[in-house]
Amino acid sequence: MSRHRRPFSLLAALTALAAPAALAGCSPGGSEARVNPPSAPPAKVADLCAALHKELPATVSGLDRTPAVPASDLTAAWGGSAIVLRCGIARPEKMADEAQDGIDVNGVGWLLEKLDDGGFRFTTGTRLAYTEVRVDKEHATDAGMLVGLSAAIAKTVPKGISSY
């Protein structure tokens with residue numbers, strides 16, 4: 001992921017999707033979310049993820065925290081499966097692609113990928129644990145969605161390049 005590319009704003013990226021998403025309506029999902037934890041990250045990464053888990057906000061984009069099943073310090077969810085976080089993932093291959101779009105939210109760099117289902121996947125770069133946040137298409141237009149998550153990540157996951 002290139003950090004020297006043209007300035008890229010989360011608001012600009014998500015505003016482009018505002019009209020279709022607004023027509024789709026908001027359905028936050030069920031009372032729990034099935035989230036597969038990453039496969040056995042190194043102990044140092046798992047410890048960083050556990051610290052992050054304790055700092056995650058109770059609400060994101062107005063959606064309350066939802067129990068993730070199975071329960072794990074590596075996962076979290078809000079609004080059913082509307083917003084799902086996985087910490088301790090392996091480095092995404094797309095992270096090495098200079099053509100990929102990236103954004104910065106409160107000092108945390110994110111790789112931005114639009115998914116086939118209309119949602120987005122955001123993955124942190126330059127942190128000692130890679131964290132992935134998937135957002136369904138109904139909630140992908142909330143420009144403030146990454147603010148609270150970025151604050152928790154900045155507080156608990158130091159800058160650096162993960163070897164995992």
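**A disulfide, a sheet and a ring cluster**

Good morning, colleagues. I begin with one residue: Cys49 is buried, because its relative accessible area is 1%, and the cut-off for a buried residue is under 20%. What I am presenting is a predicted model.

What does Cys49 join? Cys49 is joined to Cys87 by a disulfide, with an S to S distance of 2.1 Å. For those new to the term, a disulfide is a covalent bond between the sulfur atoms of two cysteines. The structure holds one disulfide. The link spans distant parts of the chain, since Cys49 belongs to helix α3 and Cys87 to strand β6, and the two are 38 residues apart. Cys87 is likewise a buried residue, with a relative accessible area of 1%. Is this disulfide left-handed or right-handed? The torsion about the S-S bond of Cys49 and Cys87 is about -75°, so the disulfide is left-handed.

Let me now step back to the whole chain. The chain has 164 residues, and buried residues make up 47% of them. Its secondary structure comes to four helices and ten strands. Read from the N terminus, the elements run α-α-β-α-β-β-β-β-β-β-β-β-β-α. Among contacts with a separation of 6 or more, 66% are between residues 24 or more positions apart.

The next topic is the sheet. Eight strands form an open sheet with antiparallel pairing, in the order β2-β3-β5-β6-β10-β9-β8-β7. Which strands stand at the edges? The edge strands are β2, residues 59–60, and β7, residues 102–105, each of which pairs on one side only.

Starting from the β2 edge, β2 and β3 pair in the antiparallel sense over two bridges. Val60 has Leu63 in β3 as its bridge partner. The hairpin of β2 and β3 has two residues between the strands, and Ser61 in this hairpin takes a positive phi near 55°.

Moving along the sheet, strand β3, residues 63–66, pairs with strand β5, residues 75–78, in the antiparallel sense and over two bridges. The bridge partner of Arg65 in β5 is Trp78, and Thr66 stands opposite Ala77 of that strand.

I would like to pause on one residue of strand β5, namely Thr75. Is Thr75 buried or exposed? Thr75 is buried, because its relative accessible area is 1%. Leaving aside residues up to four places away in sequence, Thr75 touches Val35, Asn36, Pro37, Pro38, His53, Ala68, Pro70, Leu85 and Arg86.

Two helices deserve attention beside the sheet. Helix α3, residues 43–55, lies across β3, β5, β6 (83–89) and β10 (130–135), and runs at about 150° to β6. Helix α4, residues 145–156, packs on the sheet and touches β2, β5, β6, β7, β8 (108–114), β9 (120–124) and β10. The direction of α4 makes about 135° with that of β8.

Which residues of α4 are buried? They are Met145, Leu146, Leu149, Ser150, Ala152, Ile153 and Thr156. Around the helix axis these residues cover an arc of only 165°, which puts them on the same side of α4.

My last topic is the aromatic rings. How many aromatic pairs are there? The count comes to two. In one of them, the rings of Trp110 and Phe122 have centres 6.5 Å apart and planes at 85°, so this pair is edge-to-face; the cut-off for that label is planes over 60 degrees apart. The pair links distant parts of the chain, with Trp110 in strand β8 and Phe122 in strand β9, twelve residues apart. Both Trp110 and Phe122 are buried. The rings of Phe120 and Phe122 have centres 5.8 Å apart and planes at 20°, so that pair is stacked, the cut-off here being planes under 30 degrees apart.

Why does Phe120 count as buried? The reason is its relative accessibility of 5%. For Phe122 the value is 1%, so Phe122 counts as buried too. Taken as a group, Trp110, Phe120 and Phe122 are linked by ring pairs into a cluster.

To close, I return to two points: the open sheet consists of eight strands, and the disulfide joins Cys49 to Cys87. Thank you for your attention.

Key. Residues numbered from 1 in each chain as written. Predicted model: local features only at pLDDT ≥ 70, side-chain atom pairs only at ≥ 80, totals over all residues. Heavy atoms only, no water. Pairing = 2+ DSSP bridges. Contact = heavy atoms within 4.5 Å. Axes fitted to C-alpha atoms, helices over the stretch in contact; angles between N-to-C directions. Phe/Tyr/Trp six-rings, centres within 6.5 Å; stacked < 30°, edge-to-face > 60°. Buried < 20%, exposed > 50% of the residue type's maximum accessible area, 1.4 Å probe, protein only. Arc of directions from axis to C-beta. Disulfide = S-S within 2.5 Å.
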